[in-house]
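Biologist: I would like a close look at a single part of this model, namely the strands of the longer chain and the loops that join them. Please take it slowly, and set the part in its surroundings before going into detail.

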Amino acid sequence: MKNALLFLPIALAVMLAGCNLEKEVDIKLPETQERIVVECYLEPGAPINLLLTRSSGYFDPIPEDNLAFLNQTLVNGATVVIRSETGESYTLDNNLVFNQFTKKIFNYSSHLVAPIERGKTYSLEITLENGDLITASTSILPVVPIDSVVVEFNDTDTLARVLTYLTDRPNEDNYYRRMIQHSSLDTIPDQDFTTDDRFVEDVIVFGTPYDYGRGDTVINTIFHIEKAYFDFLESVQLAIASNGNPFAQPSPIISNVQGPNAMGIFTGLSYDRVVSFLPD
Amino acid sequence: MQKSITLFCALLVSALSLAQNRFTISGYIEDAGSGEKLIAANILDLKSGSGAISNTYGFYSLTLPADSVTLTFSYIGYQPLTRTILLRRDTTLSVRLESSVQLETVEVTAGRYEKIEESSRMSRIDVPVEQIKRIPALFGEVDVLKALQLLPGVQSGNEGQNGLYVRGGSPDQNLILLDGVPVYNVSHLLGIFSVFNADAIKNVTLTKGGFPARYGGRLSSVLEINMKEGNTQEVHGEGSIGLISSKLTLEGPIKKDRTTFLVSGRRTYADLIFGPIIRASQPSGTDFKLKLFFYDLNAKLQHKINDRHRLFASAYLGSDVFHNRYAEDGDSFEGGIDWGNLISSLRWNYQITPKLFANTTLTYSRYLVDIGAGATYKYDDHVEKFNALYRSGIEDTGGKIDFDFIPNPNHYLRFGVSAVSHTYNPGALSFKSSGEDINLDTLIGSQKAYSTEFAAYLEDDIQLGALKANLGVHASAFKVQGHYYTSVQPRIGLRYLLNNDWSLKASFSTMAQFINLLTSEGFSLPTDLWVPSTKTVTPQTSWQVALGAAHTFKNDFEISVEAYYKQMKNVLSYKEGASFLFGLENDWQEKITQGDGETYGLELFLQKKVGKTTGWLGYTLSWNWRDFDEINGGKRFPFRYDRRHDISLVLSHDFSDRITLSTTWVYGTGNAVTLNTFRYPTEVNNFGNYPYFYEVESGGQKNAFRMTDYHRLDLSVEFRKPKRWGERKWVIGVYNAYFHRNPYYIIAQNETTQNPDGTYQEKRVFKEVSILPLIPSVSYGFKF
């Protein structure tokens with residue numbers, strides 16, 4: 001009897017492993033209204049770029065090739081106008097551009113560098129082919145400069161850490177995006193996160209582990225961002241983190257564009273970037 | 001409010017003035033076989049119709065006019081006893097009742113003789129421990145909390161877990177008292193088993209609403225679990241050997257009728273079975289060690305100093321241990337997690353006068369979780385070691401005095417004060433490292449937090465003819481970070497007895513909760529942490545109103561119907577998107593958000609406690625909503641365990657003295673889940689992977705979808721046989737007898753299908769994954 005008792009759990013484990021415990025279910029998702037998604041960034045001294053896409057239904061087939069994917073996703077034929085607070089307007093052209101440094105693509109852009117100025121407010125007006133109007137507005141924040149970047153080598157090792165110092169702007173709520181990349185702007189950042197300044201006295205220090213070797217190039221970027229962009233980035237990161245995780249609660253995207261079924265972000269890019277070359 | 005206080009005082013004064021030319025009979029009511037005190041036994045004076053009920057310590061007090069009185073003592077499952085005495089002075093009369101069940105002479109069949117329609121309380125259920133032990137159990141392991149999940153108004157959480165969601169509340173809103181001491185973490189093995197060992201338990205009472213003033217500190221329920229005191233007559237034992245655990249309980253007198261003891265232990269042994277199997281499958285030259293078990297140890301001592309003074313000391317110690325160690329060529333790696341409770345109390349019963357009974361309790365409890373990892377590397381000339389340990393927990397020290405004052409049969413007053421000091425250790429991480437070049441020993445984030453909770457209460461159970469009322473007020477204060485929170489909570493319970501043995505009941509109660517559990521929805525993890533309300537995290541509060549009717553028919557059947565409505569304020573939730581195992585950083589307050597809850601429903605309960613066939617049928621119709629500014633875009637959403645329909649059927653039938661068949665069938669509306677409804681490309685995370693876009697899935701309205709409905713049948717058969725030394729039994733059971741694949745979670749998968757033209761197409765599908773198939777179990781038990 002004792003032996004039988006001992007073997008029962010083993011038999012049980014084998015049985016458990018043999019059971020098919022998955023069952024496909026037919027869940028009727030509501031017929032989702034297609035969303036129009038805007039991502040538009042204004043940067044003084046740079047062309048204006050805008051990506052206008054449509055969402056796919058959760059069950060929509062995944063296109064097999066990239067061209068088909070672009071055709072299905074990109075929303076073309078819209079009229080896109082950026083207006084300054086003083087009334088100047090810039091109409092963006094509907095053509096596919098590819099930024100060779102960041103390797104990002106956009107389907108609307110200004111040919112020339114638009115005179116975007118810091119401290120000014122800009123509005124966005126998108127008129128879709130069906131007449132729907134999407135609007136948004138943003139102010140271009142001042143750059144918060146990086147005070148210094150300090151490279152420190154470990155006494156006993158050949159690896160270095162990188163400390164990035166900046167001074168928080170006093171008497172206002174500030175939000176930052178910190179990004180640090182190895183060698184080029186199109187690499188996946190070693191660190192990419194947003195933070196606010198609620199617990200900051202005046203100096204902010206971002207550090208890294210001892211990860212950088214002699215001869216490395218390290219690109220430090222500090223974006224000074226609006227609350228709307230901060231919320232958008234946080235919500236996108238949360239949504240990505242919960243995608244595919246059955247135990248996480250999916251997170252909605254917090255958007256700053258208005259219009260029928262529209263979502264996305266319209267914001268200025270104000271950043272300071274320091275490129276450090278670690279000695280050989 | 002003021003009016004009700006005035007009324008309360010007036011009733012009190014009238015109660016006291018009545019007590020002239022009357023004498024008091026008081027004493028204890030015990031089981032004749034074991035000497036265990038009988039809780040809520042009935043004492044009735046046949047002549048006047050006045051009666052009393054024994055309290056948690058078996059004490060009763062009945063004041064009657066000087067005369068010859070004939071008292072009947074009765075208790076469910078026991079033979080009634082009648083005594084006639086001439087009442088000329090205050091009299092002490094302790095009685096022992098004989099169990100009417102021959103087979104189980106040493107058992108205390110918990111329950112109450114006071115008929116359900118007679119009590120002024122509602123929304124309260126006693127489940128006999130014997131019934132709990134008969135319910136078919138997962139892996140054959142009897143679980144008190146899982147038995148309570150089968151009651152109406154109580155929703156279970158995820159399958160196989162022991163969380164109690166009472167009337168739409170969450171598990172942290174249950175005040176779970178083991179011999180009067182709050183238990184913080186009731187889970188073993190991620191909530192699959194609970195810490196309560198049924199063999200050591202005397203009675204289990206769940207209160208879902210209509211809370212009397214003596215209770216406070218949690219919003220949704222009070223679960224009182226009292227340990228047996230130990231047999232006063234002779235030594236007895238009970239035990240079992242099961243698939244996953246074995247247990248043994250011993251009880252008996254140290255000095256007959258004076259001092260008793262009870263010890264009970266349980267240990268699981270998954271590691272003893274799986275350890276050797278895993279070790280055998282490792283390559284030679286390596287060493288693998290596994291520790292995977294939990295244990296419980298209950299102990300209780302009772303000492304009767306004299307008829308008026310009794311002392312009780314009780315303790316619980318339990319822990320989960322999960323460790324593994326792997327060694328190869330002199331290098332070794334180890335990791336593990338241990339968590340457990342220590343709960344202890346010291347109680348002193350003092351019968352000050354025949355009408356005044358005092359219980360003083362000192363308590364100490366702590367909950368601790370340790371997570372550790374280490375490595376040792378052996379080099380030719382030296383050894384390097386690294387160790388990390390994360391430790392967190394909560395520690396309570398408290399004291400309380402409770403008084404029962406029974407001036408006459410129409411009043412039963414209870415009042416008392418309590419104070420508890422909480423120490424929170426919200427997570428300290430320590431590193432140790434030693435080797436050729438490095439020697440490190442640091443401790444990070446070990447700030448402790450402190451708070452103190454005070455409470456005082458006064459309640460009176462008043463009999464006014466057909467109307468019986470329980471009126472009271474509970475006041476509490478909480479000191480944290482130099483900040484005080486206070487709360488005054490009125491409590492009202494009313495019962496009106498109709499002519500036809502039906503009674504109508506109504507209750508109103510408000511509650512406040514000053515400590516909170518940080519937990520993810522759906523899983524009980526050892527790292528779930530208790531934290532205080534703070535300056536920014538305000539206390540949770542609630543109010544609940546309930547209406548109902550109760551009736552006993554054919555002597556054995558109790559039926560009750562109740563409707564309730566409850567509102568909760570400042571309940572906690574993690575902010576959207578938050579999902580993590582080790583949830584504690586110094587800024588935990590940043591990760592949570594507070595909002596409101598609204599729940600309402602209807603409960604139907606039909607119970608039969610004695611006879612060849614026992615069990616119950618419970619049905620709950622309920623709605624459960626949450627409303628947070630920062631969740632679901634500020635839109636109200638259903639709670640994860642919003643269960644429209646919930647049915648439980650529990651039946652046991654004795655075919656003979658030797659064979660009992662038990663079955664449960666449960667049905668529940670599927671859990672609410674959030675599913676994404678669309679996906680779109682973004683540049684946010686797009687770093688150089690052109691021409692691909694990074695796609696984000698979104699659009700899920702919180703808990704807007706339902707998993708398929710849950711239903712399950714469990715069966716068990718118990719074969720008992722008397723032996724020279726006592727009794728043995730075999731229990732054979734099966735969980736999920738018709739193997740319904742009940743959904744545990746939903747995953748989205750990409751599936752490739754072939755088109756008619758030979759090309760392939762990828763599409764997405766949702767799949768429900770279940771974790772518990774049909775599971776047989778067997779266990780051997782004995783008692784002597």
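**Strands and loops of chain B**

Modeller: Before turning to chain B, a word on its partner: chain A carries 18 positive and 38 negative side chains, and the centres of these two sets are 4 Å apart. Please keep in mind throughout that this is a predicted model. Chain A contains three helices and 19 strands, and its radius of gyration of 24 Å is well over the 19 Å that the globule rule gives for 280 residues, so chain A is more spread out than a compact globule. Its C-alpha trace spans about 90 × 65 × 40 Å along the principal axes, and 43% of its 280 residues count as buried.

Chain B, where the part you asked about lies, has five helices and 49 strands. For its 784 residues a compact globule would have a radius of gyration near 28 Å, and the 28 Å found for chain B agrees with that. Along the principal axes, the C-alpha trace of chain B spans about 100 × 60 × 60 Å, while buried residues make up 56% of the chain. Of the contacts in chain B between residues at least 6 apart in sequence, 65% join residues at least 24 apart. As for charge, chain B has 81 positive and 82 negative charges, whose mean positions are 8 Å apart.

Let us now follow one sheet of chain B, an open sheet of five strands with mixed pairing, in which the order is S9-S16-S17-S12-S13. Its edge strands are S9 (124-127) and S13 (181-182) of chain B, each of which pairs on one side only. Starting from the S9 edge, S9(B) pairs in the antiparallel sense with strand S16 (residues 201-207) of chain B over four bridges, and within this pairing Asp126(B) has Thr205(B) of S16(B) as its bridge partner.

At the other edge, the loop between strand S12 (174-178) and S13 of chain B holds Asp179(B). The phi of Asp179(B) is near 50°, a positive value in a residue other than glycine. This deserves a second look, because most residues other than glycine have a negative phi. Asp179(B) is also buried, with a relative accessible area of 2%.

A further set of pairings in chain B begins with strand S19 (residues 245-255), which runs antiparallel to strand S20 (residues 259-268) over 10 bridges. These strands, S19(B) and S20(B), form a hairpin with three residues between them, and in the turn Asp257(B) has a positive phi of about 65°. Opposite Pro253(B) stands Thr260(B) in S20(B), and Thr260(B) also has a bridge partner in S21(B), namely Gln302(B). The pairing of S20(B) with strand S21 (residues 286-304) of chain B is antiparallel too and extends over nine bridges.

Finally, consider the loop between strand S46 (726-735) and strand S47 (745-754) of chain B, where Asn736(B) is found. Asn736(B) has a phi near 60°, again a positive value in a residue other than glycine, and Asn736(B) is buried, with a relative accessible area of 0%. When you look at the model, you can therefore find a buried residue with a positive phi in the loop after S12(B), at Asp179(B), and another in the loop after S46(B), at Asn736(B).

Definitions and conventions. Residues numbered from 1 in each chain as written. Chains lettered and ligands numbered in written order. Predicted model: local features only at pLDDT ≥ 70, side-chain atom pairs only at ≥ 80, totals over all residues. Heavy atoms only, no water. Helix = DSSP H or I, 4+ residues; strand = E, 2+ residues; numbered from the N terminus. Rg over C-alpha atoms; globule rule 2.2 N^0.38 Å. Buried < 20%, exposed > 50% of the residue type's maximum accessible area, 1.4 Å probe, protein only. Lys, Arg positive; Asp, Glu negative; His and termini not counted. Charge placed at Lys NZ, Arg CZ, Asp CG, Glu CD. Contact = heavy atoms within 4.5 Å. Pairing = 2+ DSSP bridges.
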